[in-house]
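Visitor: Could you pick one part of this structure and walk me through it closely? I would like to see how it sits in the rest of the chain.

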Amino acid sequence: MAEDLRAARRKLPDQPDVIDRLRGKVLGSGSDDYRAEALKVMVIFAGAAEKPFLERISKEDPSQAVRYEASRALVDLGG
């Protein structure tokens, strides 16, 4: 759904709230796989607007999987 909205250049009506919730899931206490998946979805919705958050996560998150996804997203976003 997120990729379809992005391809259509449309946003969810409450997109900032969705991004905030996803950011909370990334920082939360769920499994590493769950947190990494939340990060992927957040990047689909937010894109380059989340670069500072991604940079912080790529350096500071205790999970290698989450750090990897943040680093990969930064590369994909050109940063």
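Guide: Happy to; here is a close look at helix α2, after a short view of the whole chain. This is a predicted model, in which local features need pLDDT of at least 70 and side-chain atom pairs count only at pLDDT 80 or more, while totals for chains, interfaces and linings use all residues. Residues are numbered from 1 along each chain as its sequence is written, and side-chain values use heavy atoms, leaving out hydrogens and water.

The chain has 5 helices and 0 strands, where helices (H or I, at least four residues) and strands (E, at least two) are DSSP runs numbered from the N terminus. Of its 79 residues, 38% are buried, meaning under 20% relative accessible area, with exposed over 50% and partly exposed in between (1.4 Å probe, protein chains only).

Now to α2, residues 15-27. Its 13 residues should span 18 Å at 1.5 Å a residue, and the end C-alpha atoms are 18 Å apart, which agrees; the expected span is 1.5 Å times one less than the number of residues. Gln-15, Val-18, Ile-19, Leu-22 and Val-26 are buried in this helix. They cover an arc of only 100° around the axis, so they lie on the same side of α2; the arc is that of the directions from the helix axis to the C-beta atoms. An α-helix has 3.6 residues a turn, so residues three or four places apart point the same way.

What covers the buried residues of α2? The cover includes α3 (32-46), α4 (51-60) and α5 (64-76). On the face turned away from the buried side, α2 carries the exposed residues Pro-16 and Arg-21.

Conventions: Contact = heavy atoms within 4.5 Å.
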